[in-house]
Every structure is written in C-alpha cells, then in structure tokens.
Amino acid sequence: ADLGCGYGALATVVLRSPGVTGLRLVDLDRRAVEAARLNVEDARVTFEWADARMLEDTGDLDFIVSNPPFHDGGAEDRRLGQAFVRKAAGLLKLDDV
C-alpha cells in the first residue's frame with residue numbers, strides 16, 4: 001500500500017519492481033486520488049479515497065510505502081506522520097520468526 005499516495009509519484013517508482021503484484025493507493029484528498037488515477041496506469045493498482053488513519057488493521061499487507069503529511073491546513077502537526085506509522089504497523093503481516 002501507498003498511504004497518502006498524493007498524485008502517485010512514489011507508486012510509479014514502486015511499480016518498477018516486477019515483484020510487486022498489487023499496490024493499494026490511499027489518500028484523503030479526492031483530487032489527489034483522481035490525479036493518481038491519471039498518473040498511475042497499471043493493472044496492479046487499486047485506488048481508495050479514504051483517511052489512511054481510519055483503515056481497518058487487517059494485518060494482510062506485505063509492504064507499505066508512504067510520504068506522510070506533517071501538516072494539517074498549513075499548520076505543522078507531527079502527529080499525522082506518527083499516526084501513519086502506527087496504521088502501517090496494523091496493516092502489515094506479522095510473519096512467524
């Protein structure tokens with residue numbers, strides 16, 4: 001997954017890997033999701049207009065990339081980035097060691 005995918009710049013790099021079988025792009029900003037749809041044309045991708053912080057902790061993803069926001073309406077807020085990291089932990093698979 002790409003949490004806070006924006007217009008899809010990070011996703012285009014991730015998708016260069018043939019080992020990536022699927023990539024879920026998530027962003028709260030509807031305009032960002034629409035821009036990502038235009039910029040990332042790949043059958044392995046799904047798009048989701050959602051607040052990444054509110055996703056269900058499914059524990060089913062192999063990897064997550066993110067360039068999380070550290071601002072809310074122009075005001076710096078590091079808690080947003082921290083929330084993305086916590087959410088990523090809940091979305092990732094836990095393999096037996």
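Contact here means heavy atoms within 4.5 Å. I am working from a predicted model.

**Entry 1: E48**

I began with E48, which is found in strand β3. I asked which residues E48 touches, not counting residues up to four places away in sequence. I found R24, L25, V26, D27, V33 and L55. I then looked up the distance from E48 to R24. The two are 24 residues apart in sequence, yet their C-alpha atoms lie 7.3 Å apart in space. Is E48 buried or exposed? I noted neither: E48 counts as partly exposed, because its relative accessibility is 24%.

**Entry 2: the sheet**

Next I traced the strand order. I read an open sheet of four strands, β3-β2-β1-β4, with parallel pairing. Which strands stand at the edges? They are β3 and β4, each with a single partner strand, so one side of each has no neighbour in the sheet.

I went through the pairings from there. Strand β1 covers residues 2–3 and pairs with β2 in the parallel sense over two bridges. I checked both partners in β2. D2 has L25 as its bridge partner, and L3 has V26. I followed the chain between these two strands. From β1 it passes through helix α1, residues 9–14, and on to β2; I logged this β-α-β crossover as right-handed.

On to β3, residues 45–49. I counted five bridges between β2 and β3, again in the parallel sense. R24 stands opposite T46 in β3. The connection runs from β2 through helix α2, residues 30–39, to β3, and I noted a right-handed β-α-β crossover here.

I then looked at how enclosed β2 is. Its residues are 23–27. Four of the five are buried, so the rest of the structure largely encloses this strand.

**Entry 3: helix α3**

I turned to α3, residues 78–91. This helix has 14 residues. I took its span from first C-alpha to last and got 20 Å, close to the 20 Å expected at 1.5 Å a residue.

Which residues of α3 are buried? I listed L80, G81, A83, F84, K87, A88, G90 and L91. I kept one general point in mind while reading that list. An α-helix has 3.6 residues a turn, so residues three or four places apart point the same way. I also asked what the buried residues of α3 pack against. The partners are β1, β4 (65–66) and β5 (71–72).

**Entry 4: salt bridges**

I counted nine salt bridges in the model. I looked at three of them in detail.

I started with K87 and D57. The closest N and O atoms of this pair are 2.7 Å apart. I placed both ends: K87 is in helix α3 and D57 is in the loop between β3 and β4. The pair links distant parts of the chain, 30 residues apart. Their accessibilities came next. K87 is buried, because its relative accessibility is 10% and the cut-off for buried is under 20%. D57, at 47%, counts as partly exposed.

I moved to R53 and D51. Their side chains meet in a salt bridge of 2.8 Å, N to O. I found the pair under polar contacts too, at 2.8 Å. Where is D51 found? I placed D51 in the loop between β3 and β4. Is D51 buried or exposed? D51 is buried, because its relative accessible area is 17% and buried means under 20%. Its partner R53 counts as partly exposed at 31% relative accessibility.

I ended with D42 and R44. Their side chains form a salt bridge, 2.8 Å from N to O. I checked both for accessibility. D42 is partly exposed at 25%. R44 is partly exposed at 23%.

Technical notes
Residues numbered from 1 in each chain as written. Predicted model: local features only at pLDDT ≥ 70, side-chain atom pairs only at ≥ 80, totals over all residues. Heavy atoms only, no water. Buried < 20%, exposed > 50% of the residue type's maximum accessible area, 1.4 Å probe, protein only. Pairing = 2+ DSSP bridges. Right-handed = clockwise from strand over helix to strand, strands pointing away. Expected span 1.5 Å × (residues − 1). Polar contact = N/O pair within 3.5 Å; in protein donor to acceptor, adjacent residues only side chain to side chain. Salt bridge = Lys/Arg side-chain N within 4 Å of Asp/Glu carboxyl O.
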